[in-house]
Amino acid sequence: MTYIQLPDDTIRPLPFYLAMEEYVARDMDEDDCFFMWQVAPTVIFGRNQLMENEVNMDYCQQHGIAVYRRKSGGGCVYADMGNVMLSYVTSGESVQFTYNRYVSMVTMVLCEMGIDARATGRNDILIGGAKVSGNAFYHLAGRNVVHGTLLYDTSMENMTGAITPSREKLQSKGVDSVRQHITLLKDHTTLTLPEVKEHIRRRLCRDTLTLTTDAVARIEEMAQEYLGDDFINGNNPRCTISRRKRIEGVGEMEVLIEMNHGRIRHVTMRGDYLQTGDLAALLSWLEGVTLDGEALSNVLPADMNVVIAGMTRDNFIELLINP
């Protein structure tokens, strides 16, 4: 694997690194690429989440915490200089295969440090049943991007103040608070954060490629998309029916359904689910269909897992139909 290195050690805003992932995926030929990065206090929420449902904006404004949306699915995370972010970009069409490979690699490296890390759940790496790494992914043409957190000495005060998960989400993990669900790597190793980063890089990467100043300028240009209000705030669609439910093994789901003369006109989905395929195409198949089980079953694929990780057709229809 090739480690992608910037020409300097400047700490940049989070959108730069998200754009850097895209640049590596779209404009570079290396099959397997990896890099690590750190940011000032920042909240990052998933592509399908509503910011107001996930982020305590008053707290973030009062404490100077930036807030951005990413293009991958999954839930809301907090990052700061006590946390290292991992980015993996590789060729291939199977998002799920790539994701499983990435999680296995990170888990293996932590175990080699003498840490009893386990990959479990939809997108977490745990130590002693508590989360030390959360991960997400998305697909571009012929390329997959997987990225995740690795909590070393992150500010728990900021994390619990800035992120507002639903009570249902916490209860599904058997905890009453964000802090109960999280553990810090510093409590499980004598290695410093720089030593952890060096071990990960040495173990996973054989080669290094340093980006040019022209490449950095292009990444800065690409980062502007992530800074736009339309992208950060997302669209707030009109709807006549709203459904919200937590589905085991899938995540929190919210569907907003606009009806016209008894038929579906448009469906929008929000939540922390992990998208594995073309969700927009799937939702377009629902347009013009009546909101009943048989009609929905006729247009939905039997294997919903290829679009939403862990989803079944029956669970999806149940979400659409029942309040």
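## A sheet, its helices and two buried residues

Let's start with one residue: Thr 90 is buried, with a relative accessible area of 5%. Keep in mind that this is a predicted model. Thr 90 belongs to strand E6 (residues 83-91), and E6 is part of an open sheet of 8 strands. Below you'll find that sheet, the helices that go with it, and a second buried residue, Met 28.

**Thr 90 and its surroundings**

- Thr 90 counts as buried because its relative accessible area of 5% falls under the 20% cut-off.
- Its side chain makes a polar contact of 2.4 Å with the side chain of Asp 32.
- The side chain of Thr 90 also reaches the backbone oxygen of Asp 31, at 3.2 Å.
- If you skip residues up to four places away in sequence, Thr 90 touches Asp 31, Asp 32, Thr 98, Arg 101, Gly 142, Arg 143 and Asn 144.

**The sheet**

- Reading across the sheet, the strands come in the order E7-E8-E9-E10-E6-E2-E1-E11, and the pairing is mixed.
- At the edges sit E7 (117-120) and E11 (207-210), each of which pairs on one side only.
- On average, neighbouring strands are turned by 25° against each other, ignoring direction.
- In general, strands of a sheet pair through backbone hydrogen bonds, either parallel or antiparallel.
- E1 (residues 2-5) and E2 run parallel and are joined by 2 bridges.
- Within E1 and E2, you can spot Thr 2 standing opposite Cys 33.

**Helices on the sheet**

- H1 packs on the sheet and touches E1, E2, E6, E9 (130-140) and E10 (143-151).
- The direction of H1 makes about 170° with that of E2.
- Helix H8 (residues 193-204) lies across E1, E2, E6, E10 and E11, and runs at about 175° to E2.

**Where H1 meets H9**

- The axes of H1 (residues 14-27) and H9 (residues 213-222) come within 8 Å and cross at roughly 115°.
- This crossing is right-handed.
- On the H1 side, the contact is made by Phe 16, Ala 19, Met 20, Glu 22, Tyr 23 and Asp 27.
- H9 brings Ala 215, Val 216, Arg 218, Ile 219, Glu 220 and Met 222.
- Sort the residues of this contact and you get 8 nonpolar, no polar and 4 charged.

**Met 28, just after H1**

- Met 28 sits in the loop between H1 and strand E2 (32-37).
- Met 28 is buried, with a relative accessible area of 11%.
- Leaving aside neighbours within four places in sequence, Met 28 is in contact with Ile 4, Tyr 23, Arg 143, Leu 209 and Leu 211.

Definitions and conventions. Residues numbered from 1 in each chain as written. Predicted model: local features only at pLDDT ≥ 70, side-chain atom pairs only at ≥ 80, totals over all residues. Heavy atoms only, no water. Axes fitted to C-alpha atoms, helices over the stretch in contact; angles between N-to-C directions. Helix = DSSP H or I, 4+ residues; strand = E, 2+ residues; numbered from the N terminus. Left-handed = near helix turned anticlockwise from the far one by under 90°. Contact = heavy atoms within 4.5 Å. Nonpolar A, V, L, I, M, F, W, Y, C, P; charged D, E, K, R; others polar. Buried < 20%, exposed > 50% of the residue type's maximum accessible area, 1.4 Å probe, protein only. Polar contact = N/O pair within 3.5 Å; in protein donor to acceptor, adjacent residues only side chain to side chain. Pairing = 2+ DSSP bridges.
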